[in-house]
Amino acid sequence: MSTGFSAYMAGRPLPVDAPQDGALVALTWQEGRIEHWIRFGHPQYEHFLDKHSRLVGFAPGAIFGFVRWASNDYGTVSSRIDILQAVDRFAPYQTLPFVRPGGELLLSVHGWPKVERVLQRIDAIEALSIDPAAVAPDYWRHLHNRLSVGQEAHPYTRLQHRAWLKRRSILR
């Protein structure tokens, strides 16, 4: 980990232009060692700390996929994917490493076989020309629950997506 990266995540002040609402995510990329990246989502803020790390921010309500992978000389140490919804500063949230302050956790899996299945689902959603950040939060919860008990999840469909978009327009 770089010095700039750990300093920001150790509770030190954020950059003055950092958003006050939503979620701020610390990303690191050290090829073949530590790789934290955003699989999908639309950051509204980006701040480079050094050549290996940066901060990205998401607006309240934004959904994003955060992948963390690490290895050592003997192979993969950890792999996980978390799908979160950023919250405003007054809403309850769950804490998560490298996410400040946290977010609503929609899906959280670890271990390469499960992570790979989630990545395949994301690819399938994109193949339908649907932005994974616009997918119904309930679907991510469904996928999490099915994976946690070892069952196959239902695929996300265009019909389900249209229903979600109509429901969301009514809720606003």
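Which residues form one aromatic cluster with Phe40? Tyr139, Trp140 and Tyr156 do, together with Phe40 itself. The legends below walk through this and other close-up views of a predicted model.

**View 1. Aromatic pairs in the predicted model.** Searching the whole structure turns up five aromatic pairs. One of them joins Trp29 and Trp37 edge-to-face, with 5.8 Å from centre to centre and 70 degrees between the planes. Trp29 is partly exposed at a relative accessible area of 37%, and Trp37 is also partly exposed, at 27%. Phe58 and Phe64 make a stacked pair, because their ring centres are 4.0 Å apart and their planes meet at 5 degrees, under the 30 degrees that stacking requires. Both Phe58 and Phe64 are buried. If you are wondering about the two numbers quoted for each pair, aromatic rings are described by the distance of their centres and the angle of their planes.

**View 2. The largest nonpolar core.** This core holds 24 residues. Ile81, Ile83, Leu107, Val118, Trp140, Leu143 and Tyr156 are the ones that touch the most other members. Two or more residues come from each of β5 (63-72), β6 (75-85), β8, α2 (112-127) and α3 (137-148). Helix α2 is the top contributor, with five residues. For a look at one member, follow Val118: beyond four places in sequence, Val118 touches Ile81, Ile83, Leu107, Val109, Leu143 and Leu147. A second core, separate from this one, has 13 residues, among them Val25, Phe66, Leu84 and Leu96. As background, nonpolar side chains tend to be buried together in soluble globular proteins.

**View 3. The largest pocket and its lining.** The volume of this pocket is about 180 Å³. Of the 13 residues in its lining, Pro19, Gln20, Gly22, Arg100 and Pro101 lie nearest the centre. Strands β1 (23-30) and β8 (99-110) each provide at least two lining residues. What is the chemical make-up of the lining, in terms of nonpolar, polar and charged residues? Seven are nonpolar, two are polar and four are charged.

**View 4. Tyr93 in the loop between β6 and β7.** Tyr93 sits in the loop that comes before β7 (94-96) and after β6. With a relative accessibility of 39%, Tyr93 is partly exposed, because that value falls between the 20% and 50% limits. Setting aside neighbours within four places in sequence, Tyr93 contacts Val87, Pro101, Gly102 and Gly103. Pro101 also belongs to the pocket lining of View 3. The C-alpha atoms of Tyr93 and Glu104 are 5.3 Å apart, while the two residues are 11 apart in sequence.

**View 5. Arg121 in helix α2.** Here is a charged side chain to inspect: Arg121 belongs to helix α2 and counts as buried, because its relative accessibility of 16% is under the 20% limit. Neighbours within four places aside, Arg121 is in contact with Tyr139, Leu143, Glu152, Ala153, His154 and Pro155. Tyr139 is one of the aromatic cluster named at the start. From Arg121 to Arg158 there are 37 residues in sequence and 14 Å in space, C-alpha to C-alpha.

**View 6. His161 in helix α4.** Helix α4 spans residues 158-171 and includes His161. Is His161 buried or exposed? His161 is buried, at 10% relative accessibility. Beyond four places in sequence, His161 touches Ile130, Ala134, Val135 and Tyr156. Tyr156 links this view to earlier ones, being part of the aromatic cluster and of the largest nonpolar core.

Methods: Residues numbered from 1 in each chain as written. Predicted model: local features only at pLDDT ≥ 70, side-chain atom pairs only at ≥ 80, totals over all residues. Heavy atoms only, no water. Phe/Tyr/Trp six-rings, centres within 6.5 Å; stacked < 30°, edge-to-face > 60°. Buried < 20%, exposed > 50% of the residue type's maximum accessible area, 1.4 Å probe, protein only. 1 Å grid on protein atoms, 1.4 Å probe; cavity = no way out; pocket = protein on both sides within 12 Å on 5 of 7 lines; lining within 4 Å. Points joined across faces, edges and corners; volume = space filled by probe spheres on them. Helix = DSSP H or I, 4+ residues; strand = E, 2+ residues; numbered from the N terminus. Nonpolar A, V, L, I, M, F, W, Y, C, P; charged D, E, K, R; others polar. Contact = heavy atoms within 4.5 Å. Core = buried A, V, L, I, M, F, W, Y, C linked by side-chain atoms within 4.5 Å.
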